[in-house]
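Work through the exercises below with the sequence and the coordinates open side by side. Try each task before reading its solution.

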Amino acid sequence: MPRLISIMDAKKRDAQIEVESPSKKERHRYVDPSGNPVQHQRLVKGTEKTTYEALVAEAGDPDALSQALIEGDPELDLEQVGRRLTHTSRVYLGPAGNVLYVARILKVVYDAEGNEQSRDDFVDVEATVGEELPPIPWTGRLMPIDTVIRRFAFVRKLQLRHVNGLTFDFLYEIAETLQKEGKLMYVGAGKKAQQPLIFQTNGTPFRGFLEGRVDGDGYRLVLHLSNLEIKRVTEDEAEES
């Protein structure tokens with residue numbers, strides 16, 4: 001579903017435009033022997049009584065559970081397995097498998113070795129891009145395309161679209177400018193474009209790279225998003241690993 005954001009051009013003019021993920025073409029589809037499309041269905045695979053922890057507790061120890069699995073099918077709840085799921089709700093469970101009605105959400109940071117570095121209460125991170133937020137500024141920081149694609153991993157892209165005749169001319173001019181330069185422009189949020197692009201509360205922070213093309217009376221503006229910078233492993237790091 002398209003959403004509105006504000007963006008600024010090289011002349012410091014801003015306008016509200018739409019952004020939307022490009023539609024994906026269906027590469028393949030599954031059909032049954034009659035050629036009818038296959039329908040996906042969610043089914044019950046197991047219950048809290050057939051988890052590994054519950055089965056071990058009932059059997060007494062892992063060895064006893066192994067023997068029970070050889071002799072029978074204690075891991076199958078025949079009254080529940082295979083039932084179709086319709087409307088469901090997510091619940092959180094405690095270590096004993098009990099349903100938690102109140103949970104304290106924490107932010108836990110680990111280092112590269114998997115060791116816990118900090119544990120604090122989770123604080124909501126507000127969006128930096130949106131209809132009611134300041135426009136994405138024009139940075140003028142142009143980067144060669146081959147440099148960007150070797151330095152950053154793109155994980156998502158958004159297409160910028162006009163909402164009326166005025167914004168068509170506005171976006172067409174931006175696309176034309178970028179095409180003439182033959183480069184991608186780095187964009188960020190905030191007055192100086194130093195903040196990451198966050199499109200919703202607690203959303204993923206991204207770096208943005210704007211690509212523009214024109215073809216006759218048409219244009220294409222694509223915002224490539226990355227949250228992963230690719231760095232070459234140094235000799236010291238390679239030796240340590």
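The exercises that follow concern a predicted model, and each is solved step by step.

**Exercise 1. The hairpin of β1 and β2**

Task: Determine in which sense strands β1 and β2 pair and over how many bridges, and find which residue in the turn has a positive phi.

Solution: Begin with the two strands, β1 covering residues 3-8 and β2, which pair in the antiparallel sense over six bridges. One point on this ladder is M8, which stands opposite D14 in β2. The two strands form a hairpin with five residues between them, and within the turn K12 has a positive phi of about 65 degrees. Such a positive value occurs here in a residue other than glycine. As a last step, classify its environment: K12 counts as exposed because its relative accessible area is 56%, above the 50% cut-off.

**Exercise 2. The two faces of β2**

Task: Sort the residues of β2 by covered and uncovered face, then identify the partner of E20 in β8.

Solution: Strand β2 spans residues 14-20, and its covered face consists of A15, I17 and V19, whereas D14, Q16, E18 and E20 make up the uncovered face. Turning to the other pairing of interest, three bridges join β2 to β8 (residues 152-161), and these two strands run antiparallel. Within β8, Q159 is the bridge partner of E20.

**Exercise 3. The largest nonpolar core**

Task: Establish which residues of the largest nonpolar core touch the most other members, and which element gives the most to this core.

Solution: The core holds 28 residues, and those touching the most other members are L160, I174, L197, F199, L210, L221 and L223. Two or more residues each come from β1, β2, β8, α4 (165-181), β9 (183-187), β10 (207-215) and β11 (218-229). The element that gives the most is α4, with six residues. To see one member in detail, take L210 and leave aside neighbours within four places in sequence: its contacts include I7, L160, I174, L178, L184, V187, L221 and L223. Apart from this core lies another, of six residues, among them M143, V148, L184 and Y186.

**Exercise 4. A second hairpin**

Task: Describe how β5 and β6 pair and name the turn residue with a positive phi.

Solution: Strand β5 (residues 106-110) and strand β6 (residues 116-121) pair in the antiparallel sense over five bridges, and V109 has S118 as its bridge partner in β6. Five residues separate the strands of this hairpin, and G114 in the turn has a positive phi of about 90 degrees.

**Exercise 5. Two loop residues and a surface patch**

Task: Decide whether T47 is buried or exposed, do likewise for A193, and list the residues that make the nonpolar surface patch.

Solution: First, T47 lies in the loop between β2 and α1 (52-59), and T47 is buried because its relative accessible area of 18% falls under the 20% cut-off. Residues up to four places away in sequence not being counted, T47 touches D77 and Q80. Next, A193 is found in the loop between β9 and β10, where its phi is near 60 degrees, a positive value in a residue other than glycine; with a relative accessible area of 3%, A193 is buried. Finally, the nonpolar surface patch, of about 580 Å², is made by V91, L93, V99, Y101 and V102, and L93 has its place in strand β3 (residues 92-93).

Methods: Residues are numbered from 1 along each chain as its sequence is written. This is a predicted model: local features need pLDDT of at least 70, side-chain atom pairs count only at pLDDT 80 or more; totals for chains, interfaces and linings use all residues. Side-chain values use heavy atoms; hydrogens and water are left out. Patches are made of residues with over 30% relative accessible area and no salt bridge: like charges are joined within 9 Å, nonpolar side chains (Val, Leu, Ile, Met, Phe, Trp, Tyr) within 5 Å. Accessible areas come from the Shrake-Rupley method with a 1.4 Å probe; for residues, only the protein chains shown count as cover. A salt bridge is a side-chain nitrogen of Lys or Arg within 4 Å of a carboxyl oxygen of Asp or Glu. Helices (H or I, at least four residues) and strands (E, at least two) are DSSP runs, numbered from the N terminus. Buried means under 20% relative accessible area, exposed over 50%, partly exposed in between (1.4 Å probe, protein chains only). Two strands pair if DSSP finds at least two bridges between them. A nonpolar core is a set of buried Ala, Val, Leu, Ile, Met, Phe, Trp, Tyr and Cys residues joined through side-chain atoms within 4.5 Å. Contact means heavy atoms within 4.5 Å.
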